Amino acid sequence: MTLTAREIAEIAGGTALGDAEVAVSSAAAADAAGPGDVIFIEDPKALPAALSSSADIVIAGAFAAGASRESGALIVCEQPKLAFARILRRLYQAARPAPGVHPSAIIDPTAVLGCDVSIAPHAIVDADVRLGDRVVVGPGVHINAGVAIGDDTDIKSNVTIYSGTSLGARVVVHAGSVLGSDGFGYVRDATTGRYESFPQVGRLVVEDDVEIGAACTIDRGALAETRIGRGTKLDNQVHLAHNVSVGEDVVISAQTGVAGSSVIESRAIVAGQVGIADHVRIESGAILGAQCGVPSGKVIRGPGVLFWGTPARPIKQYLKELAILARMAKK
Amino acid sequence: MTLTAREIAEIAGGTALGDAEVAVSSAAAADAAGPGDVIFIEDPKALPAALSSSADIVIAGAFAAGASRESGALIVCEQPKLAFARILRRLYQAARPAPGVHPSAIIDPTAVLGCDVSIAPHAIVDADVRLGDRVVVGPGVHINAGVAIGDDTDIKSNVTIYSGTSLGARVVVHAGSVLGSDGFGYVRDATTGRYESFPQVGRLVVEDDVEIGAACTIDRGALAETRIGRGTKLDNQVHLAHNVSVGEDVVISAQTGVAGSSVIESRAIVAGQVGIADHVRIESGAILGAQCGVPSGKVIRGPGVLFWGTPARPIKQYLKELAILARMAKK
Amino acid sequence: MTLTAREIAEIAGGTALGDAEVAVSSAAAADAAGPGDVIFIEDPKALPAALSSSADIVIAGAFAAGASRESGALIVCEQPKLAFARILRRLYQAARPAPGVHPSAIIDPTAVLGCDVSIAPHAIVDADVRLGDRVVVGPGVHINAGVAIGDDTDIKSNVTIYSGTSLGARVVVHAGSVLGSDGFGYVRDATTGRYESFPQVGRLVVEDDVEIGAACTIDRGALAETRIGRGTKLDNQVHLAHNVSVGEDVVISAQTGVAGSSVIESRAIVAGQVGIADHVRIESGAILGAQCGVPSGKVIRGPGVLFWGTPARPIKQYLKELAILARMAKK
């Protein structure tokens, strides 16, 4: 696959300066580019080096208007990183697995498969599962009875999806994740002191365009549902407990855990290794710094304020506290 | 499956007031109930709303004695949540997989299978494995040579169990967990500076009625054993290192990690994302708050005191320290 | 397998005192030994008990020179734990799976297999994969197209390896781990507020003698590479993001996470549940205490200073701060 500067300018919604017919077949980081590469920069300070690099095409923001290159092309557009991402998608189109069901896959006869689904070796699709068009089910994946999966959703290897789960369209689930598992619900019998399980009979609903990293665990609701809103992205090893509700376009980084019945509203940003206890509300657009902890029942105000520490507090306050402590320790 | 108020009262060990013959087929949260539902409440404040709800059956604690409903039934018992859990188990009996060995499963001829075991597609059972009666082995599960598994134990999809592991009866292991893996033991060669593995040749013993969440990792002992006591419950993504010993009826929430040779005594309660270093002792009934950290070699006193922070200290002290800091930062 | 004191002395590079022909077939912890066992001690205080124990062979450090036993043998050497590890490896040689490809494995005809590889049931090896000699591929493992794996590497059950990954020789990957998954890269479209994926097209390179625990997730580079250096050891549930670079002989304990583009130089030691943000540099030989957090862009100086807390600071300072706080809270 190759793209000319003219084609890239069109994808980027920008203008091509220089040689509009120069073509690239690969992309690189700005500091590691060679001939045949396209690069992008977002920082005006990086412009001189980018212009004189051997990359054939440089994508830059509006700050580059008026600049020129000795050879190759310069593309000026509003959102250079977004443009670059879209060009990457063209240059590196992952080979979609061919449609078809591998003979070693075990498909229940009551499962309903859309057009052009691809089911890999050793996948297992149980009774009454419904797969949309062009769904990809990876090797070793197990989809339990009654699960519904929307069009173009891509389930990577060795994922397990429990009954009671539905996934929307264009969802991506990376390898080893577990969706719809039983929540951690027990009742202690006061007379014996022993725990009995509180059966988890709710649902897990994953909306369109959600992406779930590798080795995540998302529990179904206890009685009601766990829900992940449209466009939300989870990194690897994220844990969401029963009855958690995550809004749209939320970002949650690796190894973060969210306890039962907590709500993360749309467009919140949650860093890595954050702990959110039960019955918490993270308001729309709130930002939680890495490793911070939100105690049970708290509300974190959004949008735009960064919280840090355990218990999580506005970063200004947290840094002030740290500075006071450090000063006292120096005496 | 339906249950009448009379039947539910019997299961609950309580008394049915109102229409003892009204029947339900589903359960709901108290604030989301409709006709045909059973609900439960533990909080006296929730009683008026529950009594007037459209739920056909309300289960409540002793505080509800003397109350009445216009229609439907009210069941008064000692432990309403426990009763509700038991009723859920009746109403939503998960369809147990049919006994039998799927033809795509690979069972070593020396493995010994109990009565009515169910072995799913693509499961693998190695030499000298012993499975008790009614054991369920999920799809893609791999049980290594010599593992012993007790009656009625249920291993969900894509679990891996290493050699040297034994599981008791009625154990549940959720999808993607890894049991009996090699502990993290290395010796640095002082002459080369390189690490050599310290072979991990001990055992993992999981006693009866233990439940293990999804994507947990439990290492075998180095020379001796790792042990999880009867009735203990682990949430998702819990990590237990080699030679850890967990007592009976312990609860450990998600993403908690326990380093080598630490001991968690019976009935301790460990919240999520807790870190317990090596050679720690958590005394019986101790409570560790979310994200707290217990340094190497420490003893946490039980029962009943909540510890928080890193290093973990009694919560009163921790909160006092936080308050002092916050006050100083406000000046 | 049995070893005599004479043979063990030779492996240990030490001298055997007492009965050089006494033989052992098993190893034990020093406080749990019986006849037929070999034990080791590193602490001079443990010497008297070890000498009089019923273990047939005691391995001890130079401090034991001049001691003697009534029966059995005493082996004095420079590195008793290292010697013991090597003896364990002899006594407990894990039965290597027999070479061969199980008929239920699905091997693409373009894959190139070395001599004496062992491919377990239900493993899947895609196009253009290259496996070195004596590679072991466990049950349910999926190796995507183009992956290269060096000699004697051992991939345990249910591991997934994405395209773009290469593993060196003698690498061990424990069950359930995911290697080479897509990094967590998104670009927010300023006009719609939605996230688009930044395609992850880089590589993951795992060098010789690396060991990776169970349920780890290691992402491929975004454009360039993620790299784990020779001899480095990762515990269970470790997460490494895209473009992370880990040097040689680094040790990373369980549940630690490293964000994008951070560098951990050779011989650093990272404890459990540590969080390393993006673009951090951990210098060679630095030591990070459990649960500490290193903020974005920071440099942690090595070698030899232990850092603790979030944000990570030298432990002396951290402990002083804790002591001041505790004193104030006591007033």
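**Notebook: helices and chain contacts**

I began just after helix H1 of chain A, where A:Gly13 takes a positive phi of about 60°. I note at once that the model I am reading is a predicted one, and I keep that in mind for every entry below.

**Entry 1, helix H1 of chain A.** I looked up which residues of this helix, which spans residues 5–12, are buried, and I found A:Ala5, A:Ile8, A:Ala9 and A:Ala12. Looking down the axis of H1(A), I see that these buried residues fall within an arc of 105°, so they line one face of the helix. I set beside this the general point that an α-helix has 3.6 residues a turn, so residues three or four places apart point the same way. I then asked what covers the buried residues of H1(A). The cover includes strand E1 (3–4), strand E2 (15–18), strand E5 (37–40), strand E6 (57–60) and strand E7 (73–76), together with helix H3 (80–91), which also belongs to chain A.

**Entry 2, chain A as a whole.** I counted the secondary structure of chain A and wrote down 4 helices and 41 strands. Its C-alpha atoms fill a box of roughly 85 × 75 × 30 Å along the principal axes, and 57% of its 331 residues count as buried. I also checked sequence separation: among the contacts in chain A with a separation of 6 or more, residues 24 or more positions apart account for 22%.

**Entry 3, H1 against H3 in chain B.** I turned to helix H1 (residues 5–12) of chain B, whose axis comes within 9 Å of that of H3(B), and the two cross at roughly 120°. That angle makes H1(B) oblique to H3(B), and I recorded the crossing as right-handed. On the H1(B) side I listed B:Ile8, B:Ile11 and B:Ala12, and these meet B:Ala83, B:Arg86 and B:Ile87 in H3(B). Sorted by class, this contact has 5 nonpolar residues, no polar ones and 1 charged.

**Entry 4, H1 against H3 in chain C.** I repeated the search in chain C, where helix H1 (residues 5–12) and helix H3 (residues 80–91) pack at an angle of about 120° with their axes 9 Å apart. H1(C) is therefore oblique to H3(C), and H1(C) passes H3(C) in a right-handed crossing. The residues that make the contact are C:Ile8, C:Ile11 and C:Ala12 from H1(C), with C:Ala83, C:Arg86 and C:Ile87 from H3(C). I divided them into 5 nonpolar, no polar and 1 charged.

**Entry 5, chain B with chain A.** How many residues does each chain bring to this contact? I find 43 residues from chain B and 43 residues from chain A. On the side of chain B that touches chain A, the elements giving two or more residues are helix H3 (80–91) and helix H4 (315–330) of chain B, and H3(B) supplies the largest share, 5 residues. By class I record 19 nonpolar, 17 polar and 7 charged residues on that side of chain B.

**Entry 6, chain C with chain B.** Here I find 44 residues from chain C and 43 residues from chain B. I looked up which elements give two or more residues to the side of chain C that touches chain B, and these are H3 and helix H4 (315–330) of chain C. H3(C) gives the most, with 5 residues, and by class this side of chain C has 20 nonpolar, 17 polar and 7 charged residues.

Conventions
Residues are numbered from 1 along each chain as its sequence is written. Chains are lettered from A and ligands numbered from 1 in the order in which they are written. This is a predicted model: local features need pLDDT of at least 70, side-chain atom pairs count only at pLDDT 80 or more; totals for chains, interfaces and linings use all residues. Two residues are in contact if their C-beta atoms, placed from the backbone, lie within 7 Å. Ala, Val, Leu, Ile, Met, Phe, Trp, Tyr, Cys and Pro count as nonpolar, Asp, Glu, Lys and Arg as charged, and the others, Gly among them, as polar. Axes are lines fitted to C-alpha atoms, for helices over the stretch in contact, and angles run from 0 to 180 degrees between N-to-C directions. Angles under 35 degrees count as roughly parallel, over 145 as roughly antiparallel, 65 to 115 as roughly perpendicular and the rest as oblique. A crossing is left-handed if the near helix is turned anticlockwise from the far one by less than a right angle, and right-handed if clockwise. A residue is buried if 20 or more other C-beta atoms lie within 10 Å of its own, exposed if 12 or fewer, and partly exposed in between; C-beta atoms are placed from the backbone. The arc is that of the directions from the helix axis to the C-beta atoms.
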